[in-house]
Amino acid sequence: RGIFLHRWCTKWSIATATIMSSIIFGCLHLDFIGASLAGFVLALTYFKTKSLIIPIAIHLLNNLIAVLLSIVELLYFSQEASTFAEQVQSYWWQGAIAIIISLPWLIIFIRNNWKFTRESLPYFANHESQL
């Protein structure tokens with residue numbers, strides 16, 4: 001994803017590249033809307049910190065929480081085996097509520113961090129600091 005992001009930033013604008021890479025990130029996950037928003041936030045975090053460590057850690061923590069919640073549900077709350085389609089149909093509203101609750105913070109985060117120029121691309125900034 002980082003290769004696409006940097007290539008598209010130099011070819012197009014940072015805004016277009018961030019949105020496109022976030023959409024592709026969302027397409028690679030089951031929860032398209034949530035993953036696209038998460039991809040957008042991770043890209044902004046990458047631009048802001050100029051490092052991959054923080055976005056990778058956030059993504060890892062998010063996946064860890066999802067796995068732990070799935071394990072807890074299987075161990076303690078699952079009465080019968082259900083198909084994936086049934087799970088999506090019965091739990092989609094939880095994702096919608098999470099997005100609605102987090103939307104104000106997401107808007108504030110984007111508003112405070114969406115101030116980038118082509119020179120602020122982490123690859124170029126890190127490369128220049130090593131020269």
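Buried here means under 20% relative accessible area, and by that cut-off 22% of the 131 residues of this protein are buried.

**View 1. The whole chain in this predicted model is built from helices.** Count along and you will find 6 helices and 0 strands, in the order α-α-α-α-α-α. Contacts are worth a look too: among those between residues at least 6 apart in sequence, 62% join residues at least 24 apart. On the outside, the protein exposes about 9,600 Å², with carbon and sulfur atoms supplying 70% of that area.

**View 2. Helix α2 runs from residue 14 to residue 27.** Here is a quick check to try with a ruler tool: at 1.5 Å a residue, the 14 residues of α2 should span 20 Å, and the end C-alpha atoms are indeed 20 Å apart, so the two agree.

**View 3. One side of α2 carries its buried residues.** These are Ile-14, Ala-17, Thr-18, Ser-21, Ser-22, Phe-25 and Gly-26. They cover an arc of only 165° around the axis, which means they sit on the same side of α2. The spacing fits a familiar rule: an α-helix has 3.6 residues a turn, so residues three or four places apart point the same way.

**View 4. The largest nonpolar core has 8 residues.** Its members are Leu-5, Trp-8, Cys-9, Ile-14, Ala-17, Ala-43, Tyr-46 and Phe-47. Helices α1 (2–11), α2 and α3 (32–49) each give two or more residues to this core. Ile-14 and Ala-17 may look familiar, as both are among the buried residues of α2. In soluble globular proteins, nonpolar side chains tend to be buried together.

Technical notes:
Residues are numbered from 1 along each chain as its sequence is written. This is a predicted model: local features need pLDDT of at least 70, side-chain atom pairs count only at pLDDT 80 or more; totals for chains, interfaces and linings use all residues. Side-chain values use heavy atoms; hydrogens and water are left out. Helices (H or I, at least four residues) and strands (E, at least two) are DSSP runs, numbered from the N terminus. The expected span of a helix is 1.5 Å times one less than its number of residues. Buried means under 20% relative accessible area, exposed over 50%, partly exposed in between (1.4 Å probe, protein chains only). The arc is that of the directions from the helix axis to the C-beta atoms. A nonpolar core is a set of buried Ala, Val, Leu, Ile, Met, Phe, Trp, Tyr and Cys residues joined through side-chain atoms within 4.5 Å. Contact means heavy atoms within 4.5 Å. Accessible areas come from the Shrake-Rupley method with a 1.4 Å probe; for residues, only the protein chains shown count as cover.
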